[in-house]
Amino acid sequence: MNLLENLLSFLAAIGDFLTPTALFHVAWSTLLGIVIGALPGLTATMGVALMTTLTYKLAPDLAVLILICMYVGAIYGGSRTAILLNIPGTPANAATTLDGNPLARQGLAGKAMGIATSGSVLGSIIGMFFLATLAPLLGTYALKFQSYEFFWLAIFGIVISGHLTALDDPLKGWIAGFLGLSVAMVGQEGIHAYQRFTYGTTELLGGFALIPAMVGAFGLAEVLTVMRNPVAEIVTTARDSVIPKLGEVFRYWRTIIRSGIIGTGVGIIPGVGEDIGAWVSYAAARRKSKERHLFGKGSIEGLMAAECGNNAAVPGALIPVLTLAIPGSAPAAVLLAAMFIHGVRPGPMIMVENPHFVYQVVAMVLFATLAMLVFGLSMTRPLLKVLSVPRERLMPIVFVLCVIGSYAIAERLFDVGVMIAFGIGGYILREMKYPMAPLVLGIILGDILDKSLRRGLVLSDGDLTPFFTRPICAVLFLITLSSVLMSMPPFRRLIGRMVAAVLPGRSSREGN
């Protein structure tokens, strides 16, 4: 009966958006998302952040619909640039360049974009299935979370995000994450309204606004980075068919299912993002493939795995947004902020207060996926002309949108200054190889961490024991601690020596 009720709720949510107005918003926002993703330097996070400011006056359901369509479209649109220019349009499409561009150089650009479209659609559908099934379950289970669990969930999100977004040097990821937590401490604290780090400035009483900070860190910083890099040349055009053969697609059905599950799982992890989902899916496909020698040289399976993984991570990232009010990726963080701006309260109580909204989000992902399929297969050649726009004309427009978007929310010039400061700071951090996702996640989670720690201490009369003895807290603490320890080379070497010492002894016993 419960399954039937969920299905009826999903069908009712689909019916909510079967109106000319909603379908029009689906069409233009998905198409604009594809364009933004296809243009080097315009990321999904920037698109969602700028569009948040432009949907401020819309009804909440239509505003969230536009933002989700923008999100899905941008993650997919980056594959165009990755295939044709060997430059990922968004960070999520970095793995796509490994096999997409070699296929384009072989004169198979159309085929590569058709395979990328198929993988994106199938990955999104798999992720949508888990969003529809896991979000209600996790939402019910999240009711058991108290301040102690949310404190460790915030720490866990920062540590895991920093570790996975800066694989070469996790310390830089953690520094970026805890820098974001420090930024979140500015302003009046949430329990007694005591001023912290305001230095007598009234504009800082409310802290740094999230949207201007995000627009600066992802928008202006991206503009500065793009203008600094050399101009890329398109190496080929799509002359062959972009409609893939069904046999060519479903030949790799195991890879599709595996990549969809991996992408969704990675998306659920707070702050990790679609790029990690693509890389992990690609690595798993290469490890299991019978055509391993083709990977990196134009493998259809590799391209399928990468695009399936990054698009499955999008609905995966929405699962913790809806159930825990914790973003699974940087664009999801902006989407979370937009939900609060529009009066939607995601979190553990959503399945009690507004369960229909969860199924509305599932329906939004479905409509965005269908629009992505239509535009991806029918408008390939017109969309290629977008890549010919000179960046000297494009980047000033983006900068103006960053300024307008930062000012529009609260109509304060101070927020424009915040955007510029975060943009310059974000650019410097990027040049020093610090990831931006943990920084933004830290700003999002700072308030949760602060309030949860202090509420927990109030409930326990200052006793720290419940933070370690409660079952969920203990699990999160052990996972966080092991993640930190395993990133340290001396500890890894110690574990390696211990394993090497145990295995020979076991082997000799087995030999006797």
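**Exercise 1. Work out where A325 sits and what its backbone is doing.**

Step 1: find the segment. A325 is in the loop between helix 13 (300-324) and helix 14. Helices here are DSSP runs of H or I with at least four residues, strands are runs of E with at least two, and both are numbered from the N terminus. Before going on, note that this is a predicted model: local features need pLDDT of at least 70, side-chain atom pairs count only at pLDDT 80 or more, and totals for chains, interfaces and linings use all residues. Residues are numbered from 1 along each chain as its sequence is written, and side-chain values use heavy atoms, with hydrogens and water left out.

Step 2: look at phi. A325 is not a glycine, yet its phi is positive, about 60°. Most residues other than glycine have a negative phi.

Step 3: check accessibility. A325 counts as buried because its relative accessibility is 11%. The cut-offs are under 20% relative accessible area for buried, over 50% for exposed, and partly exposed in between (1.4 Å probe, protein chains only).

**Exercise 2. Now do the same for D461: is this residue buried or exposed?**

Step 1: D461 lies in the loop between helix 20 and helix 21 (466-469).

Step 2: its phi is near 55°, a positive value in a residue other than glycine.

Step 3: D461 has 74% relative accessibility, so it counts as exposed.

**Exercise 3. Place V334 and list what it touches.**

Step 1: V334 is found in helix 14. With a relative accessible area of 0%, V334 is buried.

Step 2: leave out residues up to four places away in sequence, and V334 touches T45, V48, A49, T52, I211 and M214. Contact here means heavy atoms within 4.5 Å.

Step 3: try a long-range pair. V334 and L441 are 107 residues apart in sequence, and their C-alpha atoms are 9.9 Å apart in space.

**Exercise 4. Describe the second largest pocket, then tie A184 to what is around it.**

Step 1: get the volume, about 960 Å³. On a 1 Å grid over the protein atoms alone, a pocket is an open set of points where a 1.4 Å probe fits, with protein on both sides within 12 Å along at least five of seven lines; lining residues have an atom within 4 Å of a point. Grid points are joined across faces, edges and corners, and the volume is the space filled by probe spheres set on the points.

Step 2: look at the lining. It has 38 residues, and I443, I444, D447, I448 and K451 lie nearest the pocket's centre. Helix 20 gives the largest share, nine residues. Other elements that each supply at least two residues include helix 7 (147-165), helix 8 (170-184) and strand 1 (187-188).

Step 3: sort the lining by class. There are 23 nonpolar, nine polar and six charged residues. Ala, Val, Leu, Ile, Met, Phe, Trp, Tyr, Cys and Pro count as nonpolar, Asp, Glu, Lys and Arg as charged, and the others, Gly among them, as polar.

Step 4: turn to A184, which is found in helix 8. A184 is partly exposed, with a relative accessible area of 23%. Beyond residues up to four places away in sequence, A184 touches G442, I443, G446 and D447. The C-alpha atoms of A184 and G207 are separated by 7.0 Å, and these residues are 23 apart along the chain.

**Exercise 5. Which residues touch the most other members of the largest nonpolar core?**

Step 1: the core has 123 residues, and I68 and L131 touch the most other members. A nonpolar core is a set of buried Ala, Val, Leu, Ile, Met, Phe, Trp, Tyr and Cys residues joined through side-chain atoms within 4.5 Å.

Step 2: helix 16 (residues 355-378) gives the most to this core, with 14 residues.

Step 3: setting aside residues up to four places away in sequence, I68 touches L318, L335, V361, M364 and V365.

Step 4: a second, separate core of 19 residues includes A109, A116, I300 and C308.

**Exercise 6. How many disulfides does the whole structure have?**

Step 1: the search finds zero disulfides; a disulfide is a pair of cysteine sulfur atoms within 2.5 Å.

Step 2: take C69 as a case. C69 is in no disulfide, and the nearest cysteine sulfur, that of C308, is 19 Å away.

Step 3: C69 is buried, with a relative accessible area of 0%. C473 also counts as buried, at 0% relative accessibility.
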